[in-house]
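Me: I should like a close look at one part of this chain, with its surroundings explained step by step. Please begin with the chain as a whole and then turn to the chosen part.

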Amino acid sequence: MDPTVDIPEGAITALSNPNCTVVISTGAGVSAESGVPTFRSAGGLWKTYRAESLATPEAFRDHPHVVWEWYEYRRGLVREVEPNPGHYELARWEKHFSDFTLITQNVDGLHRRSGSSEPIELHGNIMLTRCHDCGEYADVQPPGENDDIPRCHCGGFYRPAVVWFGEMLPREALENAWAASARADVYLSV
């Protein structure tokens with residue numbers, strides 16, 4: 001253990017009990033350890049790309065092929081990396097504690113790939129595709145440069161299943177995160 005980390009005695013006692021209710025919240029740092037580029041750090045993606053041009057409903061409406069191309073680039077980056085020891089440790093914690101919830105802001109799916117069964121993905125999952133209008137998920141191929149944007153049976157366009165700027169977090173994910181947080185004996189932000 002790192003001697004500079006001061007863990008409160010109450011947390012140590014609580015975490016020694018497998019019946020403890022544990023909630024872990026993760027952000028970009030855990031994925032950065034795997035090599036996933038972050039957005040706001042030095043050299044982050046938003047230093048190079050404008051969010052308004054790539055991660056908004058308006059950008060998708062105005063330039064869907066450009067948005068899809070950027071998300072395919074990002075999907076490629078995620079496919080090239082592996083979960084790190086932190087991801088695997090949190091998957092082990094899920095099996096250890098009888099009431100464990102993992103909440104993540106990350107969209108890369110690395111928690112699932114490491115064995116976490118039901119992480120709450122507040123910002124969605126970049127590896128999935130959903131309809132922009134009805135929200136239905138589907139396994140569709142991203143469009144090529146001259147291909148039509150794939151459409152759902154409802155007529156809406158398919159898009160990466162992530163939350164864009166100007167959109168609300170998914171209601172169910174947010175409600176589940178709030179409920180888990182309210183009942184937590186230990187809440188850790190990683």
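Reply: Of the 190 residues in the chain, 42% are buried. The model is a predicted one, and its chain contains nine helices and six strands. Along the principal axes, the C-alpha atoms fill a box of roughly 60 × 35 × 25 Å. Among contacts between residues at least 6 apart in sequence, 66% join residues at least 24 apart. The surface that the chain exposes amounts to about 10900 Å², and carbon and sulfur atoms supply 52% of it.

The part chosen for the close look is His87, followed by Gly109. His87 belongs to helix H7, which covers residues 85-96. Its relative accessibility is 0%, and His87 therefore counts as buried, the cut-off being under 20%. Apart from neighbours within four places in sequence, His87 is in contact with Val30, Ser31 and Ser34, and also with Leu110, His111 and Ser114.

Two of these partners, Leu110 and His111, carry numbers that fall in helix H8 (110-113). Gly109 is found in the loop between strand S2 (99-104) and this helix H8. Gly109 also counts as buried, because its relative accessibility is 9%. When residues up to four places away in sequence are not counted, Gly109 touches Glu121 and Asn125. Glu121 is twelve residues from Gly109 in sequence, and the C-alpha atoms of Gly109 and Glu121 are 8.4 Å apart in space.

Note on methods: Residues are numbered from 1 along each chain as its sequence is written. This is a predicted model: local features need pLDDT of at least 70, side-chain atom pairs count only at pLDDT 80 or more; totals for chains, interfaces and linings use all residues. Side-chain values use heavy atoms; hydrogens and water are left out. Helices (H or I, at least four residues) and strands (E, at least two) are DSSP runs, numbered from the N terminus. Buried means under 20% relative accessible area, exposed over 50%, partly exposed in between (1.4 Å probe, protein chains only). Contact means heavy atoms within 4.5 Å. Accessible areas come from the Shrake-Rupley method with a 1.4 Å probe; for residues, only the protein chains shown count as cover.
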